[in-house]
Amino acid sequence: MSTQQMRILLVGNGGREHTLAWKLAQSEKVECIHVVPGNGGTAGVPKCQNITSVKDTDFAALIEHAKAHHLNFLIPGPEAPLVAGITDYFDEHAPSIMVFGPSKQAAQMEGSKTFSKDFMKQHRIPTAQYENFTDYGAARNYQDVVAHRVVIKADGLAGGKGVIIPKDNREARHALESIMREHEFGDAGKAVVIEEFLEGDEISILSFSDGKTILSLPPAQDHKRIGDGDTGPNTGGMGTYAPTPLVSQEQLAEIERTVLRPTIEGMAAEGFPFRGCLFTGLMLTKDGPKVLEYNVRFGDPESQSCLPLLKSDLAELMQACCDGTLASKTLEIAPLSACTVVVAAGGYPGSYAKGTPMKVKAPKAEDGMYVFHAGTSIDDHGQLKTNGGRVIAATATGETLREAVDKAYKGVEGIEFEGMQYRKDIAQRALR
């Protein structure tokens, strides 16, 4: 494949996939990108075409499409196909197609909170105290006697919304009731993790790995709550910036030593080596960095801030993760800051309208300003419309974080649709 041009099948339709398509299209190694199903943004990326005739959940149909169009490289964007075993399926049924992404077993690090917490305990990776429960009564009894403040997490995939931070015991009981008895998150809530509430600054680290070597992008900080000042319910992420000054070089070295290395080495030792992008969410506590969660793919919206800072060829890095040659690569990062502001539909993360007409003024990439689409689509008349909760994001890079933030908000001014909402305080903690 090293001499062969990459013909990519990219699965997904979010902001992460638009960002990946945009970055991959810049590589001379990449000949074409088929995005299944894609969105209103991927439709306009050079070398890209949206494929809506194939279901992203139908692995057999994806292989058929890949073979018919001589595609040789699969990138599953979101977590669901990875947790469902798309990598193993392609390895078995289309071994000539390289896959950037972990096996089904390795993907349990995101697919099951109980699995990942037990893994951390086994490998002495610093994390919050916790207990796992499948029985409502036992969970409630534990909740009633535990002395520390808690966080309650649904075990399975819940689109970034399966984490509840109750203020008191009454709210905690209500959370257990809604997850375990009312099945608010469906099967994802069959088991729960009740863990200690950690205080400090939260950061995200995206790392490339081929199962042995780790190369990490600059640390980012996400803003999970819907409202300014971190108020309101959790979302899939309302904005990010990178690199965050809240973590020092010493702390990054400590994270590499106490978290990232033991994670990659532990997965290899247990027989499910990690190949792809590992996302590690950490809390910088007074007792040192502790792991909040693992994701087994690029973060969204972290990718929108981190990938514009990457000067190295993304396609080459992905290939190296697949063929085990990552040790021969280096990550070249631009000495800039980046900020991303997510614009969501009115009502999100609750119920929201789809199909609202939009106007977007495309900023100039040479000014270090970008727009990445997430929940958008283009109708038969060429009209751009909303098609999700987190609709679109304005990203900008700058010499300083202040400049990046100001430019990102300037980018938001070029986005118009009825009911749009966004946070006005992205990166404020760092700027303070």
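This is a short chat about a predicted model of one protein chain.

Me: Which residues does the UniProt domain annotation cover?
Reply: The unreviewed UniProt entry carries the annotation "domain: ATP-grasp" for residues 117-323.

Me: How much of 117-323 is helix and how much is strand?
Reply: Helix makes up 31% of that stretch and strand 29%. The C-alpha atoms at its two ends are 29 Å apart.

Me: Moving to pockets. What volume does the second largest pocket have?
Reply: Its volume is about 340 Å³. The lining has 18 residues, and those closest to the pocket centre are His-18, Ala-362, Pro-363, Val-371 and His-373.

Me: Which element gives the largest share of that lining?
Reply: Strand 20 does, with 5 residues. Strand 20 spans 369-373, and helix 1, at 15-24, also supplies at least two lining residues.

Me: How do the lining residues of the second largest pocket divide by type?
Reply: There are 12 nonpolar residues, 5 polar and 1 charged.

Me: Back to helix 1. Is Arg-16 buried or exposed?
Reply: Arg-16, which lies in helix 1, is buried, because its relative accessible area is 6% and the cut-off for buried is under 20%.

Me: What is Arg-16 in contact with, beyond its neighbours within four places in sequence?
Reply: Its contacts include Gly-77, Pro-78 and Glu-79, and also Arg-297, Phe-298, Gly-299 and Asp-300. Ser-303 and Gln-304 are on the list too.

Me: And which side chain makes a polar contact of 2.7 Å with that of Arg-16?
Reply: That is the side chain of Glu-17.

Me: New topic, helix 6. Which of its residues are buried?
Reply: Helix 6 runs over residues 113-122, and Lys-113, Thr-114, Ser-116, Lys-117, Phe-119 and Met-120 are buried there.

Me: What covers the buried residues of helix 6?
Reply: The cover includes helix 5 (104-111) and helix 9 (249-269). Strands 6 (130-133), 7 (150-154), 9 (192-196) and 17 (288-295) are also part of it.

Me: Which residue follows helix 6?
Reply: Arg-124 follows helix 6, with a positive phi near 55°.

Me: How many residues of helix 11 are buried?
Reply: Helix 11 covers residues 314-323, and 7 of its 10 residues are buried. They are Leu-314, Ala-315, Leu-317, Met-318, Gln-319, Ala-320 and Cys-321.

Me: What happens at the start of helix 11?
Reply: There, a side-chain oxygen of Asp-313 comes within 2.9 Å of the backbone nitrogen of Ala-315.

Me: And what follows helix 11?
Reply: Gly-324 does, and its phi is positive, near 80°.

How values were computed: Residues are numbered from 1 along each chain as its sequence is written. This is a predicted model: local features need pLDDT of at least 70, side-chain atom pairs count only at pLDDT 80 or more; totals for chains, interfaces and linings use all residues. Side-chain values use heavy atoms; hydrogens and water are left out. UniProt positions are given in the numbering used here, feature names are shortened, and annotations may be inferred rather than shown by experiment. Helices (H or I, at least four residues) and strands (E, at least two) are DSSP runs, numbered from the N terminus. On a 1 Å grid over the protein atoms alone, a cavity is a set of points where a 1.4 Å probe fits but cannot get out, and a pocket is an open set with protein on both sides within 12 Å along at least five of seven lines; lining residues have an atom within 4 Å of a point. Grid points are joined across faces, edges and corners, and a volume is the space filled by probe spheres set on the points. Ala, Val, Leu, Ile, Met, Phe, Trp, Tyr, Cys and Pro count as nonpolar, Asp, Glu, Lys and Arg as charged, and the others, Gly among them, as polar. Buried means under 20% relative accessible area, exposed over 50%, partly exposed in between (1.4 Å probe, protein chains only). A polar contact is a pair of N or O atoms within 3.5 Å; within protein, one must be able to donate a hydrogen and the other to accept it, and residues adjacent in sequence count only if both atoms are side-chain atoms. Contact means heavy atoms within 4.5 Å.
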